[in-house]
Amino acid sequence: MGYICKLCKGRAVIYMHHHRLALCGDCYVVWFLKQVRRSISEMKMLFKGERVIVAVSGGKDSLSLWHALSRLGYEAEGLYIDLGIGFDSYSEKSKECTVEFAKKISRPLHIVSVKESIGKPIPALVRGSERSPCSVCGLVKRYIMNRFAIEHGFDVLATGHNLDDEVATLLSNALHWQIGYLARQSPTLPERDGFVRRIKPLYRFTEKETAVYAIINGIRYIEDECPYSTDATTIFLKGILNQIEERMPGSKLQFYTNFLSRARILFEREQAQKVNLRPCSICSMPSAEEVCAFCRMVERAGGKFVGLKVTKLENSQTDKGARTKDEE
Ligand code: Q46
Ligand code: ZN
């Protein structure tokens, strides 16, 4: 590509226009980890002695996040939700990548099966619901992640959302002026009754940057897109945001970080009085209504929640933390 690493003067593997920074593979990994550490500390994501669970999907973002947290010394465990999406064996392939990675870094992996827990996999729930596939899937994943973390004594739930995900969500929420969502969009969502703290330590990295981190570290991840993602609005919005970024480098990061530092508080204030949570009359998880959205959707789709069905792979720790490709 012709760029020289700014730190060691070696051959650069990435040039980040918005940071005006070119780095070689080794320096990039060091820089990436430093940025993750900075986000964790600045956004008050994790504190000493807390138990953290990483939601992993087999994709580049979540596996890179688990790798980075391990490299930084956090003894994070993994949670994989088997959605049962069978087209192109999507779920099978993503599970395979996750199980392989968990073994590689010798960390415990918990697997929750949607089909066993609710009686139906995601495609069947989608057919029985009037929501869009991603809305059903998102609702199920959020519910399972939070419920699992609470039932298993984790303090913090980490997800691999990157800058592109966050900016696309921000734009979508702003287009519809979804005040409630805007008030809650943050890299750190503090814990409150019935909810563990949720954190997004990769929120400053673009998709390309997490992919480069995964590739340099020899992480095998699922490259196929979820078959339902083809009609997702998010992909459309990401395309538009990439065009804006091309013309005005740095726009995505600025849009999001300025929202966090200057605008979010206004929506938060506006929303503060309005949310009144109580236990769902069916499952007892916190809900804004008598019956929570998850229980309503499951009932409508003809499923039945029988409790989380979890399989745990111990992957006993023989090595310390995750290693980079070069260290293997
Ligand atoms: S898995 Fe689920 Fe995503 Fe597939 S159905 Fe949509 S939400 S696209 S991250
Ligand atoms: Zn409920």
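**Packing of helix 1 and overall architecture**

The buried residues of helix 1 are covered by elements that include strand 1 (14–16), strand 2 (21–23), helix 2 (60–71) and helix 9 (207–216). In this predicted model, the residues of helix 1 that count as buried are G25, C27, Y28, V29, W31, F32, L33, Q35, V36, S39 and I40. In an α-helix, residues three or four places apart point the same way, because each turn takes 3.6 residues. Helix 1 itself comprises 18 residues, from 25 to 42, and extends 26 Å between its first and last C-alpha atoms, close to the 26 Å expected at 1.5 Å a residue. After helix 1 comes K44, with a positive phi near 50°.

The chain as a whole contains 12 helices and 11 strands. Its radius of gyration, 20 Å, is close to the 20 Å given by the globule rule for 328 residues, and the chain is therefore as compact as a globular protein of that length. The C-alpha trace spans about 60 × 45 × 40 Å along its principal axes. Buried residues account for 52% of the 328 in the chain. Of the contacts between residues at least 6 apart in sequence, 73% join residues at least 24 apart. The accessible surface of the chain amounts to about 16,800 Å², with 50% of this area belonging to carbon and sulfur atoms.

Ligand 1 is surrounded by L83, C134, C137, K141, C226, Y228 and S229. Classified by residue type, this shell consists of 5 nonpolar, 1 polar and 1 charged residues.

Terms used:
Residues are numbered from 1 along each chain as its sequence is written. Chains are lettered from A and ligands numbered from 1 in the order in which they are written. This is a predicted model: local features need pLDDT of at least 70, side-chain atom pairs count only at pLDDT 80 or more; totals for chains, interfaces and linings use all residues. Side-chain values use heavy atoms; hydrogens and water are left out. A residue is near a molecule or strand if one of its heavy atoms lies within 4 Å of it. Ala, Val, Leu, Ile, Met, Phe, Trp, Tyr, Cys and Pro count as nonpolar, Asp, Glu, Lys and Arg as charged, and the others, Gly among them, as polar. Helices (H or I, at least four residues) and strands (E, at least two) are DSSP runs, numbered from the N terminus. The radius of gyration is taken over C-alpha atoms; the globule rule is 2.2 Å times the number of residues to the power 0.38. Buried means under 20% relative accessible area, exposed over 50%, partly exposed in between (1.4 Å probe, protein chains only). Contact means heavy atoms within 4.5 Å. Accessible areas come from the Shrake-Rupley method with a 1.4 Å probe; for residues, only the protein chains shown count as cover. The expected span of a helix is 1.5 Å times one less than its number of residues.
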